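Work through the exercises below with the sequence and the 3D view open. Each task is followed by a solution in steps.

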Amino acid sequence: MTGAAWYVARASGIVAYLLLSASVVLGVLMAARTRLTWPRFAVEEVHRFLAILTGVFIVLHGGALLLDSVVPFSLAQELVPFTAGYRPFAVGLGVVAAELTAAVGISNALRSRLPHGVWRRVHYLTLAVWGLATVHGLLAGTDRFDPWFAALAGMSISSAGLAFAARFSPRRLPA
């Protein structure tokens with residue numbers, strides 16, 4: 001099971017990051033009031049679906065790491081940031097990102113009960129989650145030196161950068 005768990009952990013971490021990046025890009029473009037080809041309600045549903053899938057793959061990533069015996073992680077190490085024996089700083093950033101993701105998810109589930117301003121401020125934590133996840137992958141990932149991983153990370157970072165440029169541009173830009 002060790003080999004399979006490690007491959008599942010690696011793959012699910014990368015997929016979670018790509019899904020998170022796509023969700024962040026869509027969210028930033030919606031916040032920018034960018035003219036989108038699809039109707040806004042459809043883009044919002046895709047954004048929501050990407051966010052839910054991100055959470056599923058984060059749980060899969062953490063669960064697979066618990067099953068791996070090559071680089072063992074305890075549940076406490078996955079819940080308490082910066083306590084892992086393996087690259088504690090980088091793994092700690094991932095733990096913080098996962099916990100902030102959970103906070104955003106809970107706020108989304110309670111959105112109708114929260115004042116809009118509170119929900120919006122909590123939702124902005126997603127930007128911190130994305131930044132932490134980016135650094136986590138670049139520092140902790142076993143594939144971080146592979147060209148294909150650098151290309152995926154570069155495309156994600158570039159896409160988010162362009163979305164932020166559209167968000168803070170004085171002109172309304174097409175998506």
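**Exercise 1: a pair across the sequence**

Task: Place Val15 in its helix, state whether Val15 is buried or exposed or in between, and find how far it is from His61 in sequence and in space.

Solution. Val15 is part of helix α1, which covers residues 2-31. Helices here are DSSP runs of H or I with at least four residues, strands are runs of E with at least two, and both are numbered from the N terminus. The model is a predicted one, in which local features need pLDDT of at least 70, side-chain atom pairs count only at pLDDT 80 or more, and totals for chains, interfaces and linings use all residues. Residues are numbered from 1 along each chain as its sequence is written, and side-chain values use heavy atoms, with hydrogens and water left out.

Next, accessibility: the relative accessible area of Val15 is 30%, so Val15 is partly exposed. The classes are buried (under 20% relative accessible area), exposed (over 50%) and partly exposed in between, with a 1.4 Å probe and protein chains only. Last, the pair: 46 residues separate Val15 from His61 in sequence, and their C-alpha atoms are 9.3 Å apart.

**Exercise 2: the whole chain**

Task: How many helices and strands does the chain have, and how does its radius of gyration relate to the globule rule?

Solution. The chain has seven helices and zero strands. Its radius of gyration is 17 Å, close to the 16 Å from the globule rule for 175 residues, so the chain is as compact as a globular protein of that length. The radius is taken over C-alpha atoms, and the rule is 2.2 Å times the number of residues to the power 0.38. Along the principal axes, the C-alpha trace spans about 50 × 40 × 25 Å. Of the 175 residues, 35% are buried.

**Exercise 3: two helices**

Task: Compare the span of α2 with its expected value, do likewise for α4, and say what covers the buried residues of α4.

Solution. Helix α2 (residues 40-67) has 28 residues and reaches 41 Å from first to last C-alpha, close to the expected 40 Å. The expected span is 1.5 Å times one less than the number of residues. Helix α4 has 22 residues and reaches 31 Å, close to the expected 32 Å.

Buried residues of α2 include Ala42, His47 and Gly62. Those of α4 include Val91, Leu93, Thr101 and Ser107. The cover over the buried residues of α4 includes α2, α3, α5 (116-123) and α6.

**Exercise 4: a buried threonine**

Task: Which residues does Thr134 touch, not counting residues up to four places away in sequence?

Solution. Thr134 lies in α6, residues 125-140. Its relative accessible area is 9%, so Thr134 is buried. With that sequence limit, Thr134 touches Tyr17 and Ile157; a contact means heavy atoms within 4.5 Å.

**Exercise 5: positive phi**

Task: What is the phi of Phe82, and what is that of Arg87?

Solution. Most residues other than glycine have a negative phi. Phe82 has a positive phi near 70°. Arg87, also not a glycine, has a positive phi of about 40°. Phe82 is in the loop between α3 (75-79) and α4 (88-109), and Arg87 is in the loop between α3 and α4. Phe82 is partly exposed at 42% relative accessibility, and Arg87 is partly exposed at 29%.
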